[in-house]
Amino acid sequence: ADELAWLEDDLAGNKLPTICFTHQRLDDAGVYSAKNAAKVRSVLEASRKVLAVFQGHSHKNEHQLIGDIHYCTMVAMVEGSFEESNGCSTISVHRDGSVKIAGHRKQASYEWPGIK
């Protein structure tokens, strides 16, 4: 059985724009990425429903646009002592598909237009 059949089925059964959250990165093949990242990206791209992927694991502020999907790597919520070592954000998704990330402390802010 295909290891990603559940994801394909879930996306196929959804009519709405979708945002995915994952711990390991899906945007590159580095040591912080899921081993099957390229396969997962293919499934997400084929659905034509995914607006963004929020990912972590590497604790970096990074953003990449791959196959019309925004891959946003978030900083760690807690990494060391004191408030200035931490990060968090509020994510707003609008009806037109635009996404706004209001980052706080170490987390960067981003804003992306809707899908055309």
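# A guided tour from a surface patch to the cores

Begin by selecting F21, I91 and V93, which together make a nonpolar patch on the surface with about 290 Å² of accessible area. A patch is built from residues with over 30% relative accessible area and no salt bridge, where nonpolar side chains (Val, Leu, Ile, Met, Phe, Trp, Tyr) are joined within 5 Å and like charges within 9 Å. The areas come from the Shrake-Rupley method with a 1.4 Å probe, and for residues only the protein chains shown count as cover.

Before going on, note that this is a predicted model, in which local features need pLDDT of at least 70 and side-chain atom pairs count only at pLDDT 80 or more, while totals for chains, interfaces and linings use all residues. Residues are numbered from 1 along each chain as its sequence is written, and side-chain values use heavy atoms, with hydrogens and water left out.

**Stop 1: strand β5**

Keep I91 selected and show the strand around it: I91 sits in strand β5, residues 87-93, where helices (H or I, at least four residues) and strands (E, at least two) are DSSP runs numbered from the N terminus. I91 is partly exposed, with a relative accessible area of 31%; here buried means under 20% relative accessible area, exposed means over 50%, and partly exposed lies in between (1.4 Å probe, protein chains only).

Next select T90, which is also placed in strand β5 and is partly exposed at a relative accessible area of 46%. Which residues is T90 in contact with, leaving aside its neighbours within four places in sequence? They are K100, I101, A102 and H104, where contact means heavy atoms within 4.5 Å. If you draw a distance from T90 to K100, C-alpha to C-alpha, you should find 8.2 Å, although the two are ten residues apart in sequence.

**Stop 2: the aromatic rings**

Return to F21 and add F54. A search of the whole structure finds three aromatic pairs, and F21 with F54 is a stacked one, at 5.5 Å centre to centre and 20° between the planes. Rings of Phe, Tyr and Trp (its six-membered ring) pair if their centres lie within 6.5 Å, and planes under 30 degrees apart count as stacked, over 60 as edge-to-face and the rest as tilted. This pair links distant parts of the chain, since F21 belongs to strand β1 (residues 18-22) and F54 to strand β2 (residues 50-55), 33 residues apart.

Is each partner buried or exposed? F21 counts as exposed at 62% relative accessibility, whereas F54 counts as buried at 4%. Now add Y110 and W112 to the selection, and you have one aromatic cluster made of F21, F54, Y110 and W112.

**Stop 3: the nonpolar cores**

In soluble globular proteins, nonpolar side chains tend to be buried together. A nonpolar core is a set of buried Ala, Val, Leu, Ile, Met, Phe, Trp, Tyr and Cys residues joined through side-chain atoms within 4.5 Å. Select L26, L44, V50, V53 and Y71, the residues with the most contacts inside the largest nonpolar core, which has 15 residues. At least two residues of this core are supplied by each of α1 (5-12), α2 (37-47), β2 and β4 (69-73), and the largest share, four residues, comes from α2. Apart from this core lies another, of nine residues, among them F54, I101, Y110 and W112.

To look around one member of the 15-residue core, centre the view on L26, whose contacts beyond its neighbours within four places in sequence are A34, A37, V40, R41, L44, V53, Q55 and Y71.

**Stop 4: the charged network**

How many salt bridges does the structure hold? There are three, each being a side-chain nitrogen of Lys or Arg within 4 Å of a carboxyl oxygen of Asp or Glu. Select R25, which is buried at a relative accessible area of 2%, and then show its partners in turn:

- D27 forms a salt bridge with R25, with the closest N and O atoms 2.8 Å apart, and D27 counts as buried at 5% relative accessibility.
- D28 meets R25 in a salt bridge of 3.8 Å, N to O, and D28 counts as partly exposed at 30%.
- E62 meets R25 in a salt bridge of 2.6 Å, N to O. R25 lies in the loop between β1 and α2 and E62 in strand β3 (residues 62-66), so this pair ties together parts 37 residues apart in sequence.

Salt bridges that share partners join R25, D27, D28 and E62 into one network.
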